[in-house]
Amino acid sequence: MRYSIAIDGPSGAGKSTIASALAKELGILHLDTGAMYRAVGLKVLRLGLDFSDEKAISEVLANTEIDIKFENGVQKVYLDGEDVNSLIRLHEVSKAAAATSSLRCVREKLAQAQRNIALKYDMVVDGRDIGTYVLPDAKFKFFLTANEEVRAKRRYEELREKGQSIDFNTVLEDIKKRDIMDMTREIAPLKKASDAIEIDSSYMTPNQVVQTMLKYIKERL
């Protein structure tokens, strides 16, 4: 029987980094669902669509293929057959993903795709609605958080390392806006599942977070 580990939390909490490290420790795969939303954001940007035009975006999605492949255990995202892994990490694509991810047509399409993938493998799945909406029956659930300034600093440093020039205060404001959008959207808002273990990573190293999760999982496997 397959099992999933859900890691939810706000933007910049370190979900993807932690999920990847945890999956490696357990010898299973990691599904970064945020990359799928970024792929949608990239397509909407390319087409110049209004982020709030759900009808137009729904029509585009009907003819859009977002494929996830695992190459040597590493996730690769393909948009209509194109490898877009480097493009989806651009700041403007992140903002587009944030704006379009609240749309019902987007969440429903990608949530079903994520469920289908999780049926095939034991995996760690990270996002904002995994334990509450995508995989409510996940065997293990964690809610990873950190304070706004810490999350903004992490995102700022990540973007700078990738050669993107951006102001810290801009990143901080984007984090705050994203939190509001995620927590107030109509479908599958960001919230801690009632049976999730909450971990505040503000003053923890990634390894400390992973070891905390591992201890909990191994005691119950």
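Me: In which element is Asp179 placed?

Reply: In this predicted model, Asp179 belongs to helix 8.

Me: Is Asp179 buried or exposed?

Reply: The cut-off to apply is that buried means under 20% relative accessible area. Asp179 has a relative accessibility of 7% and therefore counts as buried.

Me: Which residues does Asp179 touch, once residues up to four places away in sequence are set aside?

Reply: Asp179 touches Pro10, Ser11, Glu148 and Arg151. Glu148 and Arg151 also appear on the helix 7 side of the contact between helix 7 and helix 8, with Asp179 on the helix 8 side.

Me: How should the packing of helix 7 and helix 8 be read, and at what angle do their axes cross?

Reply: In general, two packed helices are described by the angle between their axes and the distance between the axes. Here, the axes of helix 7 (residues 148-161) and helix 8 (residues 168-184) cross at roughly 125° and come within 9 Å. Helix 7 is therefore oblique to helix 8. The handedness of this crossing is right-handed.

Me: Which residues make the contact between helix 7 and helix 8?

Reply: Helix 7 contributes Glu148, Glu149, Arg151, Ala152, Lys153, Arg155, Tyr156 and Leu159. From helix 8 come Phe168, Val171, Leu172, Ile175, Lys176 and Asp179. Sorted by class, the contact has 7 nonpolar and 7 charged residues, and no polar ones.

Me: Turning to the backbone, what is phi of Asn72, and where is Asn72 found?

Reply: Phi of Asn72 is near 55°, a positive value in a residue other than glycine. Asn72 lies in the loop between strand 3 (66-71) and strand 4 (74-79). With a relative accessibility of 84%, Asn72 counts as exposed, the cut-off for that class being over 50%.

Me: What is phi of Asp80, and in which loop is its place?

Reply: Asp80 is a residue other than glycine with a positive phi, near 50°. Its place is in the loop between strand 4 and strand 5 (82-83). Asp80 has a relative accessible area of 39% and is thus partly exposed.

Me: How many helices and strands does the protein chain have, and how compact is the chain?

Reply: The protein chain has 9 helices and 8 strands. Its radius of gyration is 17 Å, close to the 17 Å that the globule rule gives for 221 residues, so the chain is as compact as a globular protein of that length. The C-alpha trace spans about 50 × 40 × 35 Å along its principal axes.

Me: What share of the residues of the protein chain counts as buried?

Reply: Of the 221 residues, 50% count as buried. Among contacts in the protein chain with a separation of 6 or more, 74% involve residues 24 or more positions apart.

Note on methods: Residues are numbered from 1 along each chain as its sequence is written. This is a predicted model: local features need pLDDT of at least 70, side-chain atom pairs count only at pLDDT 80 or more; totals for chains, interfaces and linings use all residues. Side-chain values use heavy atoms; hydrogens and water are left out. Axes are lines fitted to C-alpha atoms, for helices over the stretch in contact, and angles run from 0 to 180 degrees between N-to-C directions. Helices (H or I, at least four residues) and strands (E, at least two) are DSSP runs, numbered from the N terminus. Angles under 35 degrees count as roughly parallel, over 145 as roughly antiparallel, 65 to 115 as roughly perpendicular and the rest as oblique. A crossing is left-handed if the near helix is turned anticlockwise from the far one by less than a right angle, and right-handed if clockwise. Contact means heavy atoms within 4.5 Å. Ala, Val, Leu, Ile, Met, Phe, Trp, Tyr, Cys and Pro count as nonpolar, Asp, Glu, Lys and Arg as charged, and the others, Gly among them, as polar. Buried means under 20% relative accessible area, exposed over 50%, partly exposed in between (1.4 Å probe, protein chains only). The radius of gyration is taken over C-alpha atoms; the globule rule is 2.2 Å times the number of residues to the power 0.38.
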